[in-house]
Each structure stands twice: as C-alpha cells, then as structure tokens.
Amino acid sequence: MKSSHFERQISGNLLLLFTGPFLCQFSRLSVLVSVLQTPMKKTKALIGDAGATFVNAFTVTPLCCPSRSSILTGQYPHNHEVRNNSLSGNCSSLQWQKGPESTAFPFYLSKQKYQTFFAGKYLNQYGKKDGDVGYVPPGWDQWHALVGNSQYYNYTLSVNGKEEKHGDSYEKDYFTDLITNRSLHFLDDRSPQHPFFLMLSPPAPHSPWTAAPQYQKEFGDVKAPRDGSFDKPGKDKHWLLRQPVNPMPDSSLTFLDSAYRKRWQTLLSVDDMVELLVKKLESIKELDNTYIFYTSDNGYHTGQFSLPIDKRQLYEFDIRVPLMVRGPGIKPNQTLQAPVLNIDLAPTILDISGVNLSSVNVDGQSFLSQMAPSLRNGTVRPVFLVEYTGEGHPTTDPACPKLGPGLSQCFPDCVCEDAFNNTYACVRTLNKDHDLQYCEFADSESFVEVYNLVSDPHQLENVWKKMDPTFLQAMNQQLIKLQSCQGDSCREIK
C-alpha cells in the first residue's frame, strides 16, 4: 500500500457484525430495495442511512469457512489455503492456526492496544478437533466462540478457552440474544483508556433457522421472490446447473418458501441486536467515535436456476453480500458503487486502527477512502477474483445414485448443490463502462462461463461462444495472474 494511505492516524473504536449467508437476490441496481424488503430495517436505518451502503460488495468465495478465513486474513483462498468447511479442507486446522490465523487482523489490533471481544460462530470446525475448546486464537481478550457450525440452542461455547454448555431455554440460551447480552456487558466493563473492537457473528440466518419465540409467526405471507433467474433452466451452464428438475416440483417450492420465511424470522433478533448496541454506544458516549460494519459471509439462493437452497455457486445471488458502514468522517446516506470485497475488511479495519498497511500481508485494500475521502486518498480496483473448491463425497449419495460419486449437498429429488468438479475461478471486471464475469471450471470439460451483466444482470445467457477469441484469451491471462497473485500483485492487476 502506498504511503498516501497513512497521512492521518484515526484509531476509532470498531464493531464488525456479520451474519451467515444473506438473502442476496441482488442485482447491482436493487441492493437498496432488497435491504428495505428484509427484516433488517433498523440495521439499515442505524448503519446504512447513518453512513455508507456499498451496492457492489462481494465475497471472494461463496462458502462459510473459506469466506470467514478471508475476512480474518484479508487474503484470497489460494493464499490462506482454506478450501471448504471440512478439517481436511483446512477449516480451523493446525495448518491454519499455525499459519494465516497467527497474523489475522485481531492480532494486529491487540498490538495496537485495542480491547478485543469475539462472540458467535467462528469457523465451522472450530473446537471440534484441532486445538479443541481450549484453543483461543491470537489477539482476543474476550472469547465466546461456538464449537462447530450454526446452532441457536443446545450448543457448546469456548469461553476464554473453557467449555460452556447451553440448553434450550430462550431466556438463558438463545444464541443471538446471548451474543447481544455479552457484548453489552463487555462495553459496560471496558477500560475507557483504550479503544475497543467487537466482532459479533450470530448464527442467523443460517440453518436450522430457529427464530426467537416472539418472531415465529412473522412474515406468514412471505414467499421467495419469483423474479430474475428464479426457476429458470440452467442451460449453457456447468453440468451441475443443468441437472435440476425444471420447473421445480411443488414440494420444492413449498420447502424453499418455508425456509425463506424462517430465515427472515431469525434475522429479527439480529436487527434487535443492532438497535441495542447503537443505544448502548450512545449511552456510554462512544457512538460518534465508533465505526460499525455490517455484512455477511456470503450470499444465498432460494430457487434460482431451480436450485432449492444453498450457496457455493459463481452467480450474483451467491457472491454478493450486504455491506453498510457508519463512523467518524463517513457522511450519512451515501450509496457507493465502487466494488468492495470481503478481503478488504481486514485492511480497512487495520487502516482505521493506525496500522501501517505496508507491514501487513493482505491481498485486499482499505476502502476507507471510498466512504471517507476526507480521511484517506485511494484508488478503486478494476478487476477481482472469485474462487471456489468444490466438495464431494467419495461414495455415491443415497439420495442420488444415478449421478455416481463425487457429489454433496443433495436433495431427495436428485438435485445436488455441489461436487468435486464444481471447482472454478472467475475474473470480474466492474467499472462505470463494463460489468463482465469470466469463469473457468477445473473439470473434464474445461467448461467456461462468460456473462455481460450490463445487458444480462441475472446471468441467464452464457455468451462464451459469442465472444471474440482475443477477448477470451486476455481474460484467461488475467485470471491466471489473479490466481497466483499475492499481496501487492493482487492490487496491481489491471
């Protein structure tokens, strides 16, 4: 990073709230509408309207553990080497703990004398084997981390390295509310002599979609949106998108509509969390000195291209994420078009904390200059990478014997959401003139997908065969550079 990023030390308080896979049926023009139509209305009012909303925010990989690892390190998956949600895929493995995690951004915040607090889901395999619940990653003063994947009741926490088991009492155990209450206590007990950082990761809206009792009857008439690519055939796409039944049977529609409603219900408790945190910051006179970030780890689909529910795909609905930020120097009611990635969160947070970014090994870049130009100079990246390593089972899935081994996330009607060869890398060009996506699959077909999102925002037509071979070769070369980039070289590719 160039020295122009460091002309003024800021060192404000920091709060990063990120949910599980968000309901992102966004096109580049509909993000604000989509946020308005979700349960996150208080969040939009208290963070987005009070600061900046990024309408082109993306994850660099559409799956929980690799995405969260990218948030923590500021690195693309090919550099932090977390490939999927399994221990063998490096999720919270010893290799991860001894390598990338040891210099994740909380480590640097601790060195900057920040009081650090974590509560929520961390990484899918955390506490289950390597390191067990006694392991607390570097940089954390207070640690309240879920063992394993998302739960709302009947879960185990690592509380500063000690096991704490929870049952099914709403008042004592509902996980989203527990995160809220413990973060409020941390703010009450903090030392006013040093800045603080809270990282909060509630399970919502991840399955098993258990809403708080008072919200379980909300949104009774809500259904998954039927627009865009909903229940469209995945013609001209990778084979995994060509195998779902189209149109979807009524049983699938009923299932995904129910899931959609339950996900909304779980988010109402997150919206309450935001309101309570903002009120607390106001009451302790820290709101005006605190940067609050809201985002999610990846997108989600509910019926797009006849895939019932999941993430993992290269399309807009799985890679776009919400991103809203408020804080000192950020003018209210900003809608920002510049593309921002989840690997940019770590350098942005470190930039605010006063860390010299040239001393940190990140692939992302600070976006502080985008939302607070009075505080920083900066440039907008013209291209970026999205990469994913598919997961599959070595044996045939009993739900889908006719497709053979190598699949995972299969539904009873033989619709599978992932496979070993659902492994791809995409280069995305997004600026005022172009919105293009070029993707290559690591499979026996060497399959390619290309989309012009200006004329085809829902990615209905793969235009690979219509493109000039010279253009395709240039995109291939750009993709090769991005897939091997590290640090500065990731930001220098044009």
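These legends accompany close-up views of a predicted model.

**View 1. The open sheet and its edges.**
Ten strands, written here from one edge to the other as S7-S6-S5-S4-S8-S1-S9-S12-S2-S13, form an open sheet with mixed pairing. Strand S7 (162-165) and strand S13 (334-336) are the edge strands, each pairing on one side only. Direction ignored, neighbouring strands of this sheet are turned by 15° against each other on average.

**View 2. Strands S1 and S9, with the helices that pack on the sheet.**
Seven bridges join strand S1 (residues 13-19) to strand S9 (residues 290-296), and the pairing is parallel. One of the residues to look for is Phe18, whose bridge partner in S9 is Thr295. Helix H12 (residues 345-353) packs on the sheet and touches S1, S9 and strand S12 (323-326). The direction of H12 makes about 175° with that of S9. Helix H3 (residues 64-73) lies across S1, strand S4 (115-121) and strand S8 (196-201). Relative to S1, helix H3 runs at about 170°.

**View 3. Cys64 and its surroundings.**
Cys64 is found in helix H3, the helix that lies across S1, S4 and S8. An unreviewed UniProt entry annotates Cys64 as "modified residue: 3-oxoalanine (Cys)". Is Cys64 buried or exposed? Its relative accessibility is 1%, so Cys64 counts as buried. Leaving out residues up to four places away in sequence, Cys64 touches Asn85, Lys121, Asn124, His206, Asp297, Asn298 and Lys311. The closest cysteine sulfur to that of Cys64 belongs to Cys65. These two sulfur atoms are 8.0 Å apart, which is too far for a bond because a disulfide requires sulfur atoms within 2.5 Å.

**View 4. Thr266 in helix H10.**
Thr266 lies in helix H10 (residues 250-283). With a relative accessibility of 0%, Thr266 counts as buried. Which residues does Thr266 touch, not counting those up to four places away in sequence? The contacts are Tyr152, Ala204, Pro205, Trp209, Thr210 and Ala211.

**View 5. The disulfide of Cys410 and Cys416.**
Across the whole structure, a search finds five disulfides. With bonded cysteines counted along the chain, the disulfides follow the pattern 1-2, 3-5, 4-6, 7-8, 9-10. The link shown here joins Cys410 and Cys416, with sulfur atoms 2.0 Å apart. The angle about the S-S bond of Cys410 and Cys416 is 105°, and the link is right-handed. Both Cys410 and Cys416 are buried.

**View 6. The disulfide between strands S18 and S19.**
Cys426 and Cys439 form a disulfide in which the sulfur atoms are 2.1 Å apart. This link is right-handed, with 110° about the S-S bond. The pair links distant parts of the chain, 13 residues apart. Cys426 belongs to strand S18 (residues 424-430), and Cys439 belongs to strand S19 (residues 435-441). Cys426 has a relative accessibility of 1% and counts as buried. Cys439 is buried as well, with a relative accessible area of 0%.

**View 7. The disulfide of Cys485 and Cys490, with helix H15.**
The sulfur atoms of Cys485 and Cys490 are 2.1 Å apart and form a disulfide. What is the handedness of the disulfide of Cys485 and Cys490? The torsion about the S-S bond is about 95°, so this disulfide is right-handed. Cys485 and Cys490 are both buried. Asp488 is found in helix H15 (residues 488-492). Asp488 has a relative accessible area of 41%, so this residue is partly exposed: the class lies between the buried limit of under 20% and the exposed limit of over 50%. From C-alpha to C-alpha, Asp488 and Lys331 are 29 Å apart in space. In sequence, Asp488 and Lys331 are 157 residues apart.

Note on methods:
Residues are numbered from 1 along each chain as its sequence is written. This is a predicted model: local features need pLDDT of at least 70, side-chain atom pairs count only at pLDDT 80 or more; totals for chains, interfaces and linings use all residues. Side-chain values use heavy atoms; hydrogens and water are left out. Two strands pair if DSSP finds at least two bridges between them. Helices (H or I, at least four residues) and strands (E, at least two) are DSSP runs, numbered from the N terminus. Axes are lines fitted to C-alpha atoms, for helices over the stretch in contact, and angles run from 0 to 180 degrees between N-to-C directions. Contact means heavy atoms within 4.5 Å. Buried means under 20% relative accessible area, exposed over 50%, partly exposed in between (1.4 Å probe, protein chains only). UniProt positions are given in the numbering used here, feature names are shortened, and annotations may be inferred rather than shown by experiment.
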